[in-house]
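Welcome! Let us walk through a protein model together, one region at a time. Keep the sequence and the 3D view open as you read.

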Amino acid sequence: MNAVASVSAKAAFVRKVGGPFTIEQVDVAAPRDHEVRVRMVAVGMCHTDLVARDGFPVPMPIVLGHEGAGVVEAIGAKVSRIKVGDHVVLSFNSCANCPSCNATKPAYCYNFLANNFSGVRPDDGSTALSQNGEKVNGNFFGQSSFGTYAIAHERNTVPVDKSLPLELLGPLGCGIQTGAGAVVNSIGLKKGESLAIFGGGAVGLSALLGARAIEAGTVIVVEPNLARGELARALGATHVINPKETPDVLAKIRELGGGGVTHAVDTTGIPAVVAVAVETMLPNGMLGLIAVPPPDASLPANMMSMLIRGAGVKYITEGDADPQTFIPKMIEWYVAGKFPFDKLIKKFPFDQINEAAHASEKGEAIKPVLVF
Ligand SMILES: [Zn+2]
Ligand SMILES: [Zn+2]
């Protein structure tokens, strides 16, 4: 059954660079052929939402939000894999028709920006959102899920079992997938191998969860915030280094890891931190870089040192995940008690979206989830 009419929804708009979010009425169109309309149950807030709010080039006014979870309320005429009533998690979007998408590597879609950041449907520049007949930009990560209803695409919509706590699942679509996927998929961490994680925010702690799920050996988290360090320990970090207390982080990692670690990930994007991370790796080691760096930063690595160790560096988008298979895998780990990602989540009512953003920026909430 397709709903032919648009629905009225409440959504968080960003009208100017820097915000704030303002909750306003918006009309959400009926889904087109390959689209689905989802009644949102909850949505995670990711660092990228705040980067977009604060000036990453997205058109305004726009509805952001890209870690949505909800119930499918209507489907387009050509949707075959999703049914009305399905519980779903929404993830990033991709074009379905480029060399990366054809190789099931949608995180490196050649048309990633157009499908996730352009604010419109890339094929015709239209948008599913409007207010009093005026166009409102949407399609952020193929969803714009900071609203009571969202239009997503069959391709970035992942059905999940109805017995699961849907309210918690949205962050699996981006932040948690990014951290866990980075170590499990992108840099190929294996059981028994060692890992250093720079930064204990949502992505760094998700990397830790991924490492624990696959039974990695030594996992060291470098994080100056004491509460985050404590949480890292509770989630299974074998060591936590506070760089305020232990200024020579490199020496400490070499001591703890027997000369270094086989793998490392940086989630800070700070060149001085990356300079340490590249030196922590044992021969044939691999470093993953996840965070958004300053636009003018160069990689601070000594080429001879890298050569002698045969060390590698991989820049990572969305944890190299194919959401259709990786989200179910994380859920399988969660159900088996090996991936307690719910410990990262702090819930806020949707209308406290600005408070949630503030708590995230202050480090008081690792992964805010807005509940409708
Ligand atoms: Zn593509
Ligand atoms: Zn994200």
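Helices (H or I, at least four residues) and strands (E, at least two) are DSSP runs, numbered from the N terminus. What you see is a predicted model, in which local features need pLDDT of at least 70 and side-chain atom pairs count only at pLDDT 80 or more, while totals for chains, interfaces and linings use all residues. Residues are numbered from 1 along each chain as its sequence is written, chains are lettered from A and ligands numbered from 1 in the order in which they are written, and side-chain values use heavy atoms, with hydrogens and water left out.

Let us begin with a loop. Pro20 is placed in the loop between β1 and β2, and the peptide bond leading to Pro20 from Gly19 is cis, with omega near 10°. A second cis bond runs from Met60 to Pro61, with omega near 0°; Pro61 sits in the loop between α1 and β4. Most peptide bonds are trans.

Now look at the strands on either side of Pro20. Strands pair if DSSP finds at least two bridges between them. Strand β1 (residues 7–14) and strand β2 (residues 21–28) run antiparallel and are joined by 8 bridges; in one of them, Ala12 has Ile23 of β2 as its partner. Both strands belong to an open sheet of 5 strands, in the order β4-β1-β2-β7-β8, with antiparallel pairing. At the edges stand β4 and β8 (134–136), each with a single partner strand, so one side of each has no neighbour in the sheet.

Next come the metals. Donors here are N, O and S atoms within 2.8 Å of the metal (3.2 Å for Na, K and Ca), and water is not among the atoms, so sites may look incomplete. Which protein donors does the zinc ion (ligand 1) have? They are the SG atoms of Cys95, Cys98, Cys101 and Cys109, lying 2.3 to 2.4 Å from the ion. Along the chain, these donors follow the spacing C-x2-C-x2-C-x7-C. The 4 donor atoms subtend angles of 102 to 119°, which makes the arrangement tetrahedral. Four donors count as tetrahedral if all angles lie between 85 and 135 degrees.

How enclosed are these cysteines? Buried means under 20% relative accessible area, exposed over 50%, and partly exposed in between (1.4 Å probe, protein chains only). Cys98 has a relative accessible area of 3% and is therefore buried, whereas Cys95, at 22%, counts as partly exposed.

The zinc ion (ligand 2) has the protein donors Cys46 (SG), His66 (NE2) and Cys174 (SG), lying 2.1 to 2.2 Å from it. Cys46 lies in the loop between β3 (35–44) and α1 (47–53), and His66 in the loop between β4 (62–63) and β5 (68–75), so the pair ties together parts that are 20 residues apart in sequence. Both Cys46 and His66 are buried.

Another group of strands is worth a visit. Strand β14 (residues 261–266) is largely enclosed by the rest of the structure, because 5 of its 6 residues are buried. Strand β11 (residues 195–198) pairs with β14 in the parallel sense over 4 bridges, and Ala196 stands opposite Ala264 in β14. β14 also pairs with strand β15 (residues 281–289), in the parallel sense over 5 bridges; there, Val261 has Met281 as its bridge partner. Asn284 lies in β15 and has a positive phi of about 65°, although it is not a glycine. At 66% relative accessibility, Asn284 counts as exposed.

Finally, turn to helix α11 (residues 323–335). This helix has 13 residues and reaches 18 Å from its first C-alpha to its last, close to the 18 Å expected at 1.5 Å a residue; the expected span is 1.5 Å times one less than the number of residues. Which residues of α11 are buried? They are Pro323, Phe326, Ile327, Met330, Ile331 and Trp333. Seen down the axis of α11, these buried residues fall within an arc of 160°, so they line one face of the helix; the arc is that of the directions from the helix axis to the C-beta atoms. The face turned away from the buried side carries the exposed residues Thr325, Glu332 and Val335. After α11 comes Gly337, whose phi is positive, near 80°.

Technical notes. Four donors count as tetrahedral if all angles lie between 85 and 135 degrees; four count as square planar and six as octahedral if opposite donors are over 155 degrees apart and all others between 65 and 115; anything else is irregular.
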